[in-house]
Amino acid sequence: MTLREEIERRRTFAIIAHPDAGKTTLTEKLLLFGGAIHVAGAVKSNKIKRGATSDFMEIERQRGISVATSVMGFEYEGVKINILDTPGHEDFAEDTYRTLTAVDSVIIVIDGAKGVETQTRRLMNVCRMRNTPVIVFINKLDRPSKDPFDLLDEVERELQIKVRPLAFPISSGPTFKGVYNLYEHNISLFTTDERLTSNAQTADFEDISSPELDALIGERYAAQLRSDVELVEGVYEEFDREAYLAGQLAPVFFGSAVNNFGVRELLECFVRIAPSPRRSTTETRTIEPDEQKLTGFIFKIHANMDPNHRDRLAFMKICSGIFERGKNYLHVPSGKQLKFSSPTAFMAEKKSIIDFAYPGDIVGLHDTGNFRIGDTFTEGEKLRFTGIPSFSPEWFRYIENADPMKFKQLAKGIDQLMDEGVAQLFTSSLNGRKIIGTVGQLQFEVIEYRLEHEYGAKCRWEPISIHKACWIESDDEAELADFKRRKHTNMAVDKHGRDVFLADTSYALALAQEKFPKIRFHFTSEW
Ligand code: G4P
């Protein structure tokens with residue numbers, strides 16, 4: 001197969017959802033379809049259940065699972081599908097955001113009874129920043145759900161994207177009859193316990209005015225479906241794939257993941273319309289996936305899974321060219337040539353050594369502590385990919401050394417955990433103290449636990465009252481200097497030496513923005 005053919009047959013995507021909407025269930029059904037797993041229950045939910053926040057064995061277990069399920073690859077009808085897993089717990093949202101930089105599209109799962117929830121909204125904001133194409137799957141139709149038109153309106157309004165249903169449900173809950181496929185003009189009848197590899201029982205209805213429809217689903221539901229379909233066709237424009245690929249239009253499906261209902265339709269449409277690996281941007285130029293030379297970047301690092309070995313696994317997304325085992329590549333940040341004797345690929349639960357990988361694929365690289373998130377690999381060109389953001393944290397604490405004998409261990413531990421992207425480190429300009437900023441509160445416990453268990457260091461937290469950290473810059477040197485002088489007590493630098501303003505309150509932030517119009521306040525920073 002040529003490079004172009006390999007690229008065209010790849011779909012790399014993530015499933016995102018608010019916890020409990022059915023992400024794990026849908027992932028599992030997709031893997032079953034792909035023959036990547038053979039029994040239900042093989043994909044463990046990697047969510048940390050409520051109440052388990054101080055159960056650190058649980059955290060360790062989750063880390064183990066999340067390595068195993070980080071990337072799930074399988075083949076479906078000649079298409080190579082890579083599903084990138086994202087953590088279920090919202091405190092690990094930043095990890096999810098970074099994973100989204102490595103996908104070409106996403107499927108959003110929404111619980112039909114709950115509609116759009118907070119985490120879905122946040123994740124969609126990240127997709128919007130990158131114009132990532134999204135498909136929406138409205139799940140749990142076997143339970144009483146909101147009105148489908150209300151759901152469509154809600155998705156449009158809350159996720160700020162135009163929608164186009166490609167399927168439409170016939171009732172929900174105990175009276176759920178099935179789904180009318182608007183593009184194939186057939187009805188999939190709902191039965192629970194559907195056999196996983198077989199298709200749902202379908203009936204073709206080119207013309208839904210046919211009396212056969214009444215016989216099939218009953219007069220009342222037939223009448224309802226006719227009026228719903230009329231409304232859909234009247235309100236929504238024809239599905240426009242270009243608009244979908246541009247991230248402006250989301251096709252919507254309805255179903256019930258746990259019953260494996262509507263999943264085949266989703267998958268078949270997905271392989272047809274979802275994009276193959278797209279071009280990526282670097283600071284100097286755009287990279288086309290079919291360029292002959294390899295480029296790729298690291299979007300995730302997993303460290304110290306085995307406490308006896310200080311090894312880490314770095315996940316590289318291939319952006320162009322062919323990755324070959326044992327070949328020398330330039331690790332751009334260090335300028336060193338490196339080769340990998342045992343790069344791994346992921347097929348569902350299995351990890352195996354690979355000889356080649358293509359754009360869209362994710363390769364696991366053994367790392368002895370030299371890589372960071374955002375690092376680029378090339379065949380010589382000095383490139384840096386853009387768009388791997390670090391988000392302004394929302395929780396802050398001073399970190400102090402609680403064991404004077406272990407100063408070095410603590411410094412190393414903090415440094416490596418920051419490389420992994422667990423949290424962000426700021427150094428106060430006022431007193432030189434180290435501040436850890438995180439996206440979720442749970443991270444502090446994770447950091448403390450991991451510092452102790454992986455690095456033999458002890459830390460202590462002290463409170464600091466900060467509302468938000470934002471990166472600042474300005475073309476007006478004088479104004480920037482003036483700002484830094486006046487706000488001296490609230491200034492810090494991040495790991496890369498960039499200026500960060502630590503606003504005490506939202507009011508202080510708004511005031512600063514108003515008083516210093518020439519200063520740009522950034523709430524995300526690129527690594
Ligand atoms: P998540 O990864 O998005 O957090 O969700 P997950 O798939 O774990 O699903 C959350 C719960 O919703 C699970 O129940 C799952 O069985 C259920 N679920 C998923 N899809 C459907 C559906 O189409 N209909 C209905 N009725 N339920 C669905 P649980 O009780 O938390 O776990 P389990 O004991 O069933 O595994």
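This passage describes the surroundings of the ligand and the setting of T101 in a predicted model. Local features require pLDDT of at least 70 and side-chain atom pairs count only at pLDDT 80 or more, while totals for chains, interfaces and linings use all residues. Residues are numbered from 1 along each chain as its sequence is written, and side-chain values use heavy atoms, with hydrogens and water left out.

The ligand is surrounded by 16 residues, a residue being near when one of its heavy atoms lies within 4 Å. D20, K23, T24, T25 and S256 come nearest. By class, the shell holds four nonpolar, six polar and six charged residues; Ala, Val, Leu, Ile, Met, Phe, Trp, Tyr, Cys and Pro count as nonpolar, Asp, Glu, Lys and Arg as charged, and the others, Gly among them, as polar. Helix α2, residues 23–33, gives the most to this shell, with three residues. Helices are DSSP runs of H or I with at least four residues, strands are runs of E with at least two, and both are numbered from the N terminus.

Oxygen atoms of the ligand lie 2.7 Å from a polar backbone atom of D20 and 2.9 Å from a polar backbone atom of G22. For N139, an N or O atom of the side chain is 3.1 Å from a ligand oxygen. The protein covers 67% of the 700 Å² of accessible area that the ligand has on its own, as given by the Shrake-Rupley method with a 1.4 Å probe.

T101 lies in the loop between α4 (93–100) and β4 (105–111). Its relative accessibility is 5%, so T101 counts as buried, a term for values under 20% with a 1.4 Å probe and protein chains only. The side chain of T101 reaches the backbone oxygen of R98 at 2.4 Å.

Terms used. A polar contact is a pair of N or O atoms within 3.5 Å; within protein, one must be able to donate a hydrogen and the other to accept it, and residues adjacent in sequence count only if both atoms are side-chain atoms. Buried means under 20% relative accessible area, exposed over 50%, partly exposed in between (1.4 Å probe, protein chains only).
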